[in-house]
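I opened this entry to note what I looked up, one item at a time. I start from a single ring and work outward.

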Amino acid sequence: MQMGKTKVKVCGLTREEEAEMLADCRVEFAGMVLFFPKSKRNVTLQQAEKILAALKKYGVSKSVAVTVSPTKEQVEQIMRLGFDYIQIHKDMPDDILEKITIPVIRAVNMPDEINGAETESNFNDEIEKLIKNDKIYGILFDAGVPGSGKTFRWHRINGIKEKIKYSGKNFFLAGGLNPDNVKEAVLQVNPDVVDVSSGVEKDTGAGKDREKTEKFIKNIRKEQEKNYG
């Protein structure tokens, strides 16, 4: 199967110095977790502002604010800071979406199984609505528990991904990706963007690891070079 040119999103930045590393590795998207203190990767608005300045300094292409059921006030604060995209997990009511003036990456968490025709139909209906929404830049498929470092069965989204790509939306793949499995994930699913966080963290859990990040990207791009030269 011929692969598209998959881009890379490294999520869960917590330090300014990580911006230079992402620039060196030619990472296209950099994500920060905001307003979610349950996450060890959660950053304050003040920290986010400093990391954003570093990303701009080193020329990392796009910044993403990663949120869980954001409020109107939180959305406004994110836009004021100058993020390029907002990624939304869990609740995304229409009145919140109306307030957003930057492109939205909608995260969809895949349960262990989609049980029954009715559940699968509801799931597909939700994807269809997202595809038709002009504010949605991309749809991100994550594991059932986001941030868990676990994968899901990629073949379950093969039919859905074609609809997304045909619509012109961007198809993001997340959930348990790491340097050892990302090549297979890209070969199987051929996403527009792969999203990694825990898979490239230091063994201590304190920040992103340069060697793991470089290996992650190398394992994608060496395969692409076979196809594109």
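**Aromatic rings**

I looked up Y137 first: its relative accessibility is 22%, so Y137 counts as partly exposed. The cut-off matters here, since buried means under 20%. I am working on a predicted model, and I keep that in mind throughout.

Next I checked Y85. Its relative accessibility is 8%, so Y85 counts as buried.

I then searched the whole structure for aromatic pairs and got five. I noted F29 and F172 as one edge-to-face pair, with 5.8 Å between centres and 70° between the planes. The two rings come from distant parts of the chain: F29 sits in strand β2 (residues 29-34) and F172 in strand β8 (residues 170-173), 143 residues apart. F29 and F172 are both buried.

Y85 and Y137 also pair. I recorded this pair as tilted, at 4.7 Å centre to centre and 50° between the planes. Y85 belongs to strand β5 and Y137 to strand β7, so the pair ties together parts 52 residues apart in sequence.

Which residues make up the aromatic cluster? I list F29, Y85, Y137 and F172, which form one cluster.

**Strand β2**

F29 led me to β2. I asked how many of the residues of β2 are buried. Six of its six are, and I put the strand down as mostly covered.

In a regular strand the side chains alternate between the two faces of the sheet. I therefore split β2 by side. F29, G31 and V33 lie on one side, A30, M32 and L34 on the other, and all are buried.

I went through the strands that pair with β2 next.

- Strand β1 (residues 7-10) runs parallel to β2, with two bridges. V10 is the residue opposite A30 in β2. From β1 the chain passes through helix α1 (residues 18-24) to β2, a right-handed β-α-β crossover.
- Strand β4 (residues 62-68) pairs with β2 in the parallel sense over five bridges. Here F29 stands opposite K62 in β4.
- Strand β3 (residues 42-43) is also parallel to β2, over two bridges. L34 has V43 in β3 as its bridge partner.

**Strand β6**

I turned to β6. Is this strand largely enclosed or open? Five of the six residues of β6 (residues 104-109) are buried, so the rest of the structure largely encloses the strand.

I checked what pairs with β6. Strand β5 (residues 85-89) runs parallel to β6 and is joined to it by three bridges. I86 stands opposite V104 in β6. I followed the chain between them: β5, helix α4 (residues 94-99) and β6 make a right-handed β-α-β unit.

Strand β7 (residues 136-142) pairs with β6 too, parallel, over six bridges. I found G138 in β7 as the bridge partner of I105. Y85 in β5 and Y137 in β7, noted above, belong to the strands that pair with β6.

**Helix α3**

I listed the buried residues of helix α3 (residues 72-81): Q74, V75, Q77, I78 and L81. Seen down the axis, they fall within an arc of 160°, so they line one face of the helix. The pattern fits a general rule: an α-helix has 3.6 residues a turn, so residues three or four places apart point the same way.

Which exposed residues does the face turned away from the buried side of α3 carry? I noted E73 and R80.

I then asked what covers the buried residues of α3. The cover includes β2, α2 (45-58), β4, β5 and α4. After α3 comes G82, and I recorded its positive phi, near 100°.

**Whole chain**

Last, I pulled the totals. The chain has eight helices and nine strands. Of its 229 residues, 49% count as buried. The chain exposes about 11,400 Å², and carbon and sulfur atoms supply 45% of that area.

I also looked at contacts with a separation of 6 or more. Residues 24 or more positions apart account for 60% of them. Two of the pairs in my notes span such distances: F29 and F172 are 143 residues apart, and Y85 and Y137 are 52 apart.

Note on methods: Residues numbered from 1 in each chain as written. Predicted model: local features only at pLDDT ≥ 70, side-chain atom pairs only at ≥ 80, totals over all residues. Heavy atoms only, no water. Buried < 20%, exposed > 50% of the residue type's maximum accessible area, 1.4 Å probe, protein only. Helix = DSSP H or I, 4+ residues; strand = E, 2+ residues; numbered from the N terminus. Pairing = 2+ DSSP bridges. Right-handed = clockwise from strand over helix to strand, strands pointing away. Contact = heavy atoms within 4.5 Å. Areas by Shrake-Rupley, 256 points an atom, 1.4 Å probe, with all protein chains shown as cover. Phe/Tyr/Trp six-rings, centres within 6.5 Å; stacked < 30°, edge-to-face > 60°. Arc of directions from axis to C-beta.
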